[in-house]
Structure formats: C-alpha cells, structure tokens
Amino acid sequence: MQSQTHAGIGMTSQRTRDRLVYRLQQEGIQDEQVLGVMRTTPRHIFVDEALASRAYEDTALPIGYGQTISQPYIVARMTEVLLAAGERLKVLEIGTGSGYQTAVLAQLVDSVFTVERITELQDKARIRLRELNLRNVSFSRGDGNWGWKQFSTYDGIIVTAAPEQVPEELLQQLADGGRLVIPSGPSGEQRLRLIVRRGENFEETMLDWVSFVPLVKGELK
Ligand code: SAH
C-alpha cells in the first residue's frame, strides 16, 4: 500500500505536470517556451500545503486574504500574449499574489518588476522566488493603479486583477511598441484585453472572457 507521503508526492510529480501541459495545449496554448516553463515550475509550492494535491488542476485556488492564484490556462495565455513584444523584455506585473505568474515570467524575460498591495502575500512570494533561485525580480508594495514609475517604461505590463477601466497611468508607463495585457470590466463581464502602444495611439484587441478578483483602488492593506 502507498503511504500518505508517497501519494502526496505522486500528485505533485512530473507526470502530473506533464498532464497539465497537455491540457493547456488542448486549450490552444502554442508557445513552446511558455509550455516548457509551465512544465517545470512547481505550482504546488505557491499554495498552502492542504491544497498542494490540487495544484496541477487547471483551476484558480484560494491563497488567503480573499485572493486567488490564477488558473494555469490564464497564466499561460497572458504570458504568451505578452511575449510577442519581443526578446529580452522588461516587464511590470500588477498583483503579485502567490508569485506563480511572477515565477513563470521571470524565466522568460530579462527582468520583472512586481507590485502587490498585501504585505503578507508579497513576503511569501518573495521567499518562494528565492527558493527557486529566480533573482531577476524586484518587489514593490503599493497600489498598482499607479504602476511603478521609477523603472518605467516597460516592454510589457501584465495585470492579474481586474479594474473596471484600464488605469491611464499604466498606459503611460508602456514603451513604444509595448504590450499591456489586462482583464477589465464589471464583475461577471470581464474581458481580457491586449493594448499595444504605437506612439500616442493605443491599439486594443479583445481576448478571452475571464473572471479575476478586482483591482482594488486606493488604500493599502
Ligand atoms: N498572479 C497572481 C494573482 C493573484 S490575485 C497569482 O497567480 O497568484 C490578484 C492580486 O492582485 C492579489 O494578490 C491582490 O492583493 C492584488 N491586488 C489587487 N488590487 C491591487 C492593487 N490596486 N495594487 C496591487 N495589487 C493589487
């Protein structure tokens, strides 16, 4: 009979991750680099131990404070759309949360600047990324509606919580030719958007219907 411990390891094994990647391909993710990174990144260390056995299901899971770790399909999709901005990218992420999306990005771009409003989540994410030896990530605690001006402009900006409307300041921190990937709209009607900057013009493309936690305005927690 298998012991509990072994069963636990089984559920977070490489074979389980391979199955998730196969499913992402079925759902339309094509970028080999993105699939490769999702195959090797241990999502189970980004959730509480009690949920580790569910970490390779293609679903969002609770991470405390009313927040969720994004669904793997959404992480892959947003990353794939963002990477089309080119090579050696400098990326801003709003909503660090568990740090899982951050970890995926850090393995595919030059540098990641990530902003989170909840201190406890940021602290945990920082520890996990250090464990994975991902050192090209800078963390800021703040209100992501204001971006992170000090290091702007960015080749890519990814927002993992949904505002009702796209914050103007994020558009301003986008480099020429840069790509902003952001869910927005009222709860129940959110749509993922890609916005590409061309000088002072912003070209918008509507992508998937999605369901994100809200991008909170104002006061820090
Ligand atoms: N990519 C994360 C998603 C976390 S959920 C993951 O996969 O784990 C969205 C995150 O956005 C939460 O951690 C929430 O605290 C954060 N958030 C919400 N509003 C914010 C704001 N105005 N500024 C910065 N972070 C915000």
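Trainee: What makes Asp110 and Arg88 a salt bridge?

Mentor: The closest N and O atoms of Asp110 and Arg88 are 3.1 Å apart. A salt bridge is a side-chain nitrogen of Lys or Arg within 4 Å of a carboxyl oxygen of Asp or Glu. So the pair Asp110 and Arg88 counts as one. This is a predicted model, in which local features need pLDDT of at least 70 and side-chain atom pairs count only at pLDDT 80 or more, while totals for chains, interfaces and linings use all residues. Residues are numbered from 1 along each chain as its sequence is written, and side-chain values use heavy atoms, with hydrogens and water left out.

Trainee: Which parts does the salt bridge of Asp110 and Arg88 tie together?

Mentor: Asp110 lies in the loop between helix H5 (100-106) and strand S4 (111-116), and Arg88 in the loop between H4 and S3, so the pair ties together parts that are 22 residues apart in sequence. Helices (H or I, at least four residues) and strands (E, at least two) are DSSP runs, numbered from the N terminus.

Trainee: Why is Arg88 called exposed?

Mentor: Its relative accessible area is 65%. Buried means under 20%, exposed over 50%, and partly exposed in between, with a 1.4 Å probe and protein chains only. So Arg88 is exposed. Asp110, at 35%, is partly exposed.

Trainee: What is notable about phi of Arg88?

Mentor: Phi of Arg88 is near 50°, a positive value in a residue other than glycine. Most residues other than glycine have a negative phi. Asn133 also has a positive phi, near 60°. Asn133 lies in the loop between helix H6 (119-131) and S5.

Trainee: How do you know that Glu204 and Arg193 form a salt bridge?

Mentor: Their side chains meet at 2.8 Å, N to O. That value is within 4 Å, so the pair qualifies. Glu204 lies in strand S9 (residues 201-210) and Arg193 in strand S8 (residues 190-198), so the pair ties together parts that are 11 residues apart in sequence.

Trainee: Are Glu204 and Arg193 buried, partly exposed or exposed, and why?

Mentor: Arg193 has a relative accessible area of 15%, under 20%, so Arg193 is buried. Glu204 stands at 43%, so Glu204 is partly exposed.

Trainee: Which residues are joined into one network?

Mentor: Salt bridges that share partners join Arg23, Glu27 and Asp58. Arg23 and Glu27 meet at 3.6 Å, N to O.

Trainee: What makes the bond from Ser152 to Thr153 stand out?

Mentor: That peptide bond is cis, with omega near 10°. Most peptide bonds are trans.
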